[in-house]
Amino acid sequence: MAIMQLAENLYIAPQLGEADAAEAARLGIRSVICNRPNGEETHQPDYEQVKSWLAAAGITETAWQPVTAPTITLRDGQAFRLLAAASDQPVLAYCRSGTRSALLWAYGAVANGTSVADALAAAARAGVDLSKFAAGLEQAAGR
């Protein structure tokens with residue numbers, strides 16, 4: 001699994017498995033946010049299964065904010081920002097590929113003063129291309 005740093009105290013990853021939970025704990029992750037709805041794919045572990053793997057690895061603070069990329073709104077991004085800020089740091093957010101988690105962060109970040117260019121660049125450094133969401137991010141930024 002690739003755990004990539006997106007912002008200070010925020011990491012993103014694709015779908016977590018049991019070995020990934022142990023790796024996250026080894027890296028010092030203290031909280032995990034799942035941004036993936038249950039049942040998206042046939043063999044996808046559901047949130048409760050991942051939560052149990054995380055607990056066994058020593059990560060007991062988890063949250064579930066399931067979203068789909070086409071329907072993510074500024075409100076979702078602001079909720080994610082508040083959820084991450086209230087969580088023990090550092091936080092790992094995951095979804096199928098990491099894109100949704102990065103997009104949620106980007107919406108919250110641009111609404112709070114980060115430029116869209118900087119948000120896109122941060123996501124790119126973490127291996128996520130958010131360019132197709134640039135117009136929505138510009139709108140969220142009030143530009």
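Two strands are taken to pair if DSSP finds at least two bridges between them. In the predicted model described here, strand E2 (residues 10–13) and strand E5 (91–94) fulfil this condition, being joined by 4 bridges and running parallel. Within this pairing, Ala-13 has Tyr-94 of E5 as its bridge partner. The pair belongs to an open sheet of 5 strands, whose order is E1-E2-E5-E3-E4 and whose pairing is mixed. The edges of the sheet are formed by strand E1 (4–7) and strand E4 (61–64), each of which pairs on one side only. From one strand to the next, the twist of the sheet averages 25 degrees.

In contrast to the parallel run of E2 and E5, E1 and E2 run antiparallel and are joined by 3 bridges. In this part of the sheet, Met-4 stands opposite Ile-12 of E2. E1 and E2 form a hairpin with 2 residues between them, and Asn-9 lies in the loop that connects these strands. The backbone at Asn-9 is noteworthy in that phi is positive, at about 65 degrees, although the residue is not a glycine. With a relative accessible area of 30%, Asn-9 is classed as partly exposed, the range for this class lying between the limits of 20% and 50%.

A further backbone feature is found at the peptide bond from Gln-89 to Pro-90, which is cis, with omega near -5 degrees. Pro-90 is placed in the loop between H3 and strand E5 (91–94).

The helices were examined next for the arrangement of their buried residues. In helix H2 (residues 47–56), the buried residues are Tyr-47, Val-50, Trp-53 and Leu-54. Seen down the axis of H2, these residues fall within an arc of 125 degrees, and they therefore line one face of the helix. The partners against which the buried residues of H2 pack are helix H1 (18–26), strand E3 (31–34), E4 and E5, and of these strands E4 is an edge strand of the sheet. H2 is followed by Gly-58, for which phi is positive, near 100 degrees.

Helix H5 (residues 116–125) has Val-116, Ala-119, Ala-122 and Ala-123 as its buried residues. Because they cover an arc of only 125 degrees around the axis, these residues are on the same side of H5. The face of H5 that is turned away from this buried side carries the exposed residues Ala-117, Asp-118 and Arg-125. Among the elements that cover the buried residues of H5 are E1, H4 and helix H6 (134–140), so that the edge strand E1 takes part in covering this helix. After H5 comes Gly-127, with a positive phi near 85 degrees.

The loop between H5 and H6 contains Phe-133, which counts as buried because its relative accessibility is 15%, the cut-off for this class being under 20%. When its neighbours within four places in sequence are left aside, Phe-133 is in contact with Ala-69, Thr-99 and Leu-103. The C-alpha atoms of Phe-133 and Ala-84, which are 49 residues apart along the chain, are separated by 21 Å.

The packing of two helices is described by the angle between their axes together with the distance between the axes. For helix H3 (residues 74–86) and helix H4 (residues 99–111), the axes come within 7 Å and cross at roughly 90 degrees. This angle makes H3 roughly perpendicular to H4, a description that applies from 65 to 115 degrees. On the side of H3, the contact is made by Leu-74, Asp-76, Gly-77, Gln-78, Phe-80 and Arg-81, and on the side of H4 by Ser-101, Leu-104, Trp-105, Tyr-107, Gly-108, Ala-109 and Ala-111. Divided by class, the residues of this contact comprise 7 nonpolar, 4 polar and 2 charged residues.

Methods
Residues are numbered from 1 along each chain as its sequence is written. This is a predicted model: local features need pLDDT of at least 70, side-chain atom pairs count only at pLDDT 80 or more; totals for chains, interfaces and linings use all residues. Side-chain values use heavy atoms; hydrogens and water are left out. Axes are lines fitted to C-alpha atoms, for helices over the stretch in contact, and angles run from 0 to 180 degrees between N-to-C directions. Angles under 35 degrees count as roughly parallel, over 145 as roughly antiparallel, 65 to 115 as roughly perpendicular and the rest as oblique. Contact means heavy atoms within 4.5 Å. Ala, Val, Leu, Ile, Met, Phe, Trp, Tyr, Cys and Pro count as nonpolar, Asp, Glu, Lys and Arg as charged, and the others, Gly among them, as polar. Buried means under 20% relative accessible area, exposed over 50%, partly exposed in between (1.4 Å probe, protein chains only). The arc is that of the directions from the helix axis to the C-beta atoms.
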